[in-house]
Amino acid sequence: DQRSRGRAVVRFVPHAYQRYCINRLIVDDAVGLFLDMGLGKTVITLTAVNDLRYNRFLVCRVLVIAPKKVAEDTWVREAEKWDHLHLLRIVPVLGSEKKRIRALNTPGDVYVLSRDNVSWLVEYYQNAWPFDMVVIDELSSFKSPQAKRFRSLKQIRGHIRRIAGLTGTPAPNGLIDLWAQVYLLDGGKRLGRTLTEYRNNYFTPTSRSRTQIFRYGPLPGAEEQIQERLRDICISLSAKDYLTLPDRMDNIIHVRLSEKAEVEYYRFEQEMLLEVDEETIDAGSAAVLTNKLLQYCNGAVYDSEKNVVEVHDSKLEAFREIVEASQGKHVLVFYSFQHDRSRLLRILKKTGLRVSELGGPDSISDWNQGRTDILLAHPASAAYGLNLQAGGSIIVWFGLNWSLELYQQANARLYRQGQKENVIIHHLVTAGCMDEKVMEALQDKGQTQEGLLNALKARIREIREGKR
């Protein structure tokens, strides 16, 4: 019982757009809710499920597939929060195989599964699929047709009568990402039965060798054609059109290296980049190279034996100043590498602040209830669905990454509906180094992967021409 846990129960008064989305989920067998972060995808979906289950008797068992941390916390917490959802029995299907099987055999209405266990679940039930409805929370994590989780769901798609896909970023790397997601909604009716068919109809190669195509770009008018084909099955709403949020301030703090560290960085960069040919560099090799350079920007690198070698503490000093200037306000910190985490924990140990790492539901509760001063998180672990806005309004990006999707989703943990303070997002950017290229790509909000490749190729040319 919600009240026995000491949690306030809130009356749900849906916005007009929420009522529209709820009705679509009730009326239509397949819906893509492509709603901006913070528009309430979870409560919209649970409200529709509650109606389908207890008013219309159209569903009995609903499966929710979600990122692990969202599965652990968000769906249970949302069901407990709202007064009209008190009948819904939410059963997390988590933990060891034995625990998962026990959960599946527990009476309930909504079974919440980590997306990592999708293939296991399909294999477990095979053709005896017991769920009337499937909800895929963060549908964009099924964007790869090669991924095992996509292939598993595709295998049993014919057994799914009702399906909903939720995401705020349906095409983080371009329109090519839409095919697999939409296939799970409609079985290939709108964008084609295969990815090849989709590519042939709407795209043309933009980067290729004699034998391999590296990237595709949309044909003229393709975006409008795709939108028209998806109009009846996907609902796309932007937060700026429906929510009045506090101000968001993005603060870029340029961190200067010492003269010695700067010389060492450029020597390190030269050694890395001169080993590769700008003509043959691809996304995989580019990611490896930039990760090494970004490690250096943050102040430590892994050597060939995976030992951590500290090279400077400029970012740590800048971070310490931010914490001091925050005057006791709580801070959410995103790091990139494990050595970032270790070094941050080391300096925070001396502050006397209450420091925690984003883990299970307890760490989320402690943060939201003000029992944590500094919360450390990797953006991949905080990217989807977690409601952290009650715990603070300051974000620090200690280390940047090239994923626009992770960047936007991570920031939306605080900058979302329910946030009462102005949100400040600090970015620690090492001046004159790879950090700046990453920041530029994220600000452009375009093809960050392409930005990575172009930045590296340009830098290789500069180094070969003797430019620092």
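Mentor: Before we start, a residue is called buried when its relative accessible area is under 20%, exposed when it is over 50%, and partly exposed in between, with a 1.4 Å probe and protein chains only. This is a predicted model, in which local features need pLDDT of at least 70 and side-chain atom pairs count only at pLDDT 80 or more, while totals for chains, interfaces and linings use all residues. Residues are numbered from 1 along each chain as its sequence is written, and side-chain values use heavy atoms, with hydrogens and water left out.

Trainee: What share of the 468 residues of the chain counts as buried?

Mentor: The radius of gyration, taken over C-alpha atoms, is set against a globule rule of 2.2 Å times the number of residues to the power 0.38. A compact globule of 468 residues would come near 23 Å, and the chain agrees because its own value is 23 Å. Of the 468 residues, the share that counts as buried is 55%.

Trainee: In what order do the seven strands of the open sheet stand?

Mentor: Helices (H or I, at least four residues) and strands (E, at least two) are DSSP runs numbered from the N terminus, and two strands pair if DSSP finds at least two bridges between them. The pairing in this sheet is parallel, and the edge strands, each pairing on one side only, are β3 (90–93) and β9 (234–237). From one edge to the other, the order is β3-β4-β2-β5-β6-β1-β9.

Trainee: Which residue of β4 stands opposite Val62?

Mentor: Strand β2 covers residues 62–66 and strand β4 covers residues 110–114. These two strands pair in the parallel sense over five bridges. Opposite Val62 in β4 stands Val110.

Trainee: At about what angle to β3 does helix α4 run?

Mentor: Axes are lines fitted to C-alpha atoms, for helices over the stretch in contact (heavy atoms within 4.5 Å), and angles run from 0 to 180 degrees between N-to-C directions. Helix α4, residues 97–104, lies across β3 and β4. Its angle to β3 is about 155°.

Trainee: Within what arc do the buried residues of α6 fall?

Mentor: Helix α6 (residues 148–155) has Phe150, Ser152 and Leu153 as its buried residues, and these pack against β2, α5 (118–125), β5 (133–137) and α7 (178–186). The face turned away from the buried side carries the exposed residues Lys148 and Gln155. With the arc taken from the directions from the helix axis to the C-beta atoms, the buried residues line one face of the helix, because seen down the axis of α6 they fall within an arc of 165°.

Trainee: Which residues touch the most other members of the largest nonpolar core?

Mentor: A nonpolar core is a set of buried Ala, Val, Leu, Ile, Met, Phe, Trp, Tyr and Cys residues joined through side-chain atoms within 4.5 Å. The largest such core has 84 residues, and apart from it lies another core, of 44 residues, including Ala30 and Val93. In the largest core, the residues touching the most other members are Leu33, Trp75, Tyr265, Leu332 and Met434.

Trainee: Is Gln295 buried or exposed?

Mentor: Gln295 is found in helix α12, residues 283–298. Not counting residues up to four places away in sequence, Gln295 touches Ala300, Val301, Tyr302, Phe337 and His339. Its relative accessibility is 8%, so Gln295 counts as buried.
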